[in-house]
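Student: Could you show me a structure and help me look at the space around its ligand?
Tutor: Gladly, let's look together.

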Amino acid sequence: MILTGGVDISEKEIAYVLDATINGWNEHHSDYVDKFTHSFSDYVTAKHAYATTGGTQALWLALATLGVGKGDEVILPDLTYFACSDVVVLLGAKPVFVDVDPLTWCISPEKIKKAITPRTKAIMPVWTYGNAPDMLEVMSIAEGIPIVEDSCPAVGSTVDGIHAGSFGTFGCFSFHGAKIMTTGFGGMVVTDDDDLMKRLVYLDDHGEDKSLDERFIQTDIGYSFYMHNINAALGLAQLERVDTFVHKKRQIFKWYENILGNIDGLSINYEQKGAFTNRWLTSIVLNKKFRVDRDMLMRLLRDEGIDTRPFFRAISSFKMYDEADTPVSHHLGLNGLNLPSGVQRTQPEIERIALQVKTYLCG
Ligand SMILES: *Cc1c(COP(=O)(O)O)cnc(C)c1O
């Protein structure tokens, strides 16, 4: 079976992890965490970075640090992974789902404008499948409302040379094994704000007041979502190689695009002017009736040993929520699929998959 993802582990990863496992204890317990967070903040040009156990936890900490809670609203796209809405709800706030742009599959700035209320505590644009939201427009509409960027899958994506995650108040990343670089499980939250980072670190230390002489005096309910050194060793090695992964992902996209890019009614990841995206998952959307529908296409490909992934569903369509008026998210959720995009894929493999897709759709 050709899977949709796939990690690339070299001698470097093995050497760093081995070193962390053997030597990364006592006074060396955070050596790799420190190196990894410094390298990562340099890479995305943020002032501070804090490594977490996952992208979900990075989002959770960012919102908690902003004080998101009961009575607050957080605006986010209806088409995203439900980790985004989960953390809003778990903090006691209300997710406000808005529609996405049909080209970028990312949050529509126009729709954000209409959804802002006095209760809006944060806005969460998402870099869907590595694609870039219109961040400059989102920031101009936000007018100072804090922005928590879900740039979980977007390591290596930029707009006008500015890295994903470094536009907003906070940027959040995931290093889950399915993403472009991995730490096993893991994530990162970045910000340029000294005070916010200080508060985030304090909250993630269970809200213990470390300014006192006494220990174990708690002044807030807190978290412990920080990354372990061994995971960070893996992450550092992956980060040192991530540009080659981005290069390969973009190559894979091109191979697909050459065959699938000009089919009427079929759309593929879109890169707006000024954007350079990591092409984490090359994805297609069936915008008209083809010979087969999305689900049938996925079944046929599976029978050929080709694994694909359906798009996220519009989250507001789930029973916990009131369904939002988000026709684009609903359409994409039911008609989009992610194609195999692992960095180890070869040109003949990608061309075989693309031709297979084309044949099933168009005959
Ligand atoms: C992967 C992903 C997450 C969650 O990251 P985890 O590390 O799995 O917790 C959140 N949002 C988006 C858009 C993602 O792609």
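**Around the ligand**

Tutor: By class, the shell around the ligand has four nonpolar, six polar and two charged residues. Here Ala, Val, Leu, Ile, Met, Phe, Trp, Tyr, Cys and Pro count as nonpolar, Asp, Glu, Lys and Arg as charged, and the others, Gly among them, as polar. This is a predicted model, where local features need pLDDT of at least 70, side-chain atom pairs count only at pLDDT 80 or more, and totals for chains, interfaces and linings use all residues. Residues are numbered from 1 along each chain as its sequence is written, and side-chain values use heavy atoms, with hydrogens and water left out.

Student: Which residue has an N or O side-chain atom 2.7 Å from a nitrogen atom of the ligand?
Tutor: A residue is near the ligand if one of its heavy atoms lies within 4 Å of it, and the residues around the ligand include Thr 56, Asp 150 and Ser 174. Polar side-chain atoms of Thr 56, at 2.5 Å, and Ser 174, at 2.7 Å, each face an oxygen atom of the ligand. The residue that lies 2.7 Å from a ligand nitrogen is Asp 150.

Student: How much of the ligand's accessible area does the protein cover?
Tutor: Accessible areas come from the Shrake-Rupley method with a 1.4 Å probe. On its own, the ligand has 390 Å² of accessible area, and the part covered by the protein is 91%.

How values were computed:
A polar contact is a pair of N or O atoms within 3.5 Å; within protein, one must be able to donate a hydrogen and the other to accept it, and residues adjacent in sequence count only if both atoms are side-chain atoms.
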